Amino acid sequence: MSEQEQQQPVFAIEKLYVKDMSVEVPNAPQIFLEREAPQIDVQLSNQSSNVTEGVYEVSLTATITAKLADKTMFLVEVAQAGIFRIEHVPADQMSAVLGIGCPNIVFPYLRETVSDVVSRAGFPPVILNPVNFEAMYMQQQQPAASSAIN
């Protein structure tokens with residue numbers, strides 16, 4: 001194998017899985033008698049870590065809280081993760097791969113898990129809106145860039 005072939009970038013999905021999940025319906029069964037639409041709050045975060053050389057875990061966590069006035073209808077938290085083999089990617093591009101490329105792969109699975117869990121808890125499914133991980137990544141990079149300038 002030539003040296004050029006050995007340096008080809010490698011990107012492979014090793015595993016996609018639910019890392020953590022919790023469901024709380026603190027006001028059941030009375031809350032199921034309510035007919036009003038709840039206020040839904042969605043928080044999304046992502047993180048990545050190096051598992052071993054060339055292997056990374058990227059995790060997306062969604063926290064969904066549904067409230068009706070001051071009563072919580074449900075609280076769902078799901079951490080969906082993926083293990084990725086990433087090799088021969090330039091160091092200056094690695095954070096973008098982990099912050100944009102991998103979350104774009106994991107997100108549809110997170111979306112499906114959230115929808116399924118909420119409906120299994122007895123509520124209409126919550127469908128997460130698409131997320132622009134590139135914009136999210138750029139926004140996270142701005143504070144780092146401005147602090148480097150100061």
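**Exercise 1. Find how many bridges join β2 to β3, and follow this pair to its turn.**

Step 1. Between β2 and β3 there are 13 bridges, and the two strands run antiparallel. Strands here are DSSP runs of E with at least two residues, helices are runs of H or I with at least four, and both are numbered from the N terminus. Two strands pair if DSSP finds at least two bridges between them.

Step 2. Pick out one residue pair: aspartate 41 has threonine 65 in β3 as its bridge partner.

Step 3. Go to the turn. β2 and β3 make a hairpin with two residues between them, and glycine 54 in this turn has a positive phi of about 80 degrees.

Before you go on, a word on the model: it is predicted, so local features need pLDDT of at least 70 and side-chain atom pairs count only at pLDDT 80 or more, while totals for chains, interfaces and linings use all residues. Residues are numbered from 1 along each chain as its sequence is written, and side-chain values use heavy atoms, with hydrogens and water left out.

**Exercise 2. Work out the strand order of the open sheet.**

Step 1. Take the β3 and β4 pair: 14 bridges join these antiparallel strands. Leucine 68 stands opposite lysine 71 in β4.

Step 2. Add β1, which is joined to β4 (residues 71-87) by 13 bridges, again antiparallel. Here lysine 15 has isoleucine 83 as its bridge partner, and valine 10 stands opposite glutamate 87.

Step 3. Put the four strands together: the order is β1-β4-β3-β2, with antiparallel pairing. The edge strands, each pairing on one side only, are β1 (10-24) and β2 (39-52).

Step 4. Look at the twist and the helix. Neighbouring strands are turned by 15 degrees against each other on average, direction ignored. Helix α2 (residues 91-120) packs on the sheet and touches β1, β2, β3 (55-68) and β4, with its direction at about 140 degrees to that of β4. Contact means heavy atoms within 4.5 Å; axes are lines fitted to C-alpha atoms, for helices over the stretch in contact, and angles run from 0 to 180 degrees between N-to-C directions.

**Exercise 3. Locate the backbone features at alanine 69 and proline 29.**

Step 1. Start from the general rule: most residues other than glycine have a negative phi, and most peptide bonds are trans.

Step 2. Alanine 69 has a positive phi of about 60 degrees although it is not a glycine. Its place is the loop between β3 and β4, two strands that form a hairpin with two residues between them.

Step 3. Proline 29 lies in the loop between β1 and β2. A cis peptide bond joins it to alanine 28, with omega about 5 degrees.

**Exercise 4. Name the residues of the aromatic cluster.**

Step 1. Apply the ring rule: rings of Phe, Tyr and Trp (its six-membered ring) pair if their centres lie within 6.5 Å; planes under 30 degrees apart count as stacked, over 60 as edge-to-face and the rest as tilted.

Step 2. The count comes to four aromatic pairs. Ring pairs link Phe32, Phe74 and Phe123 into a cluster.
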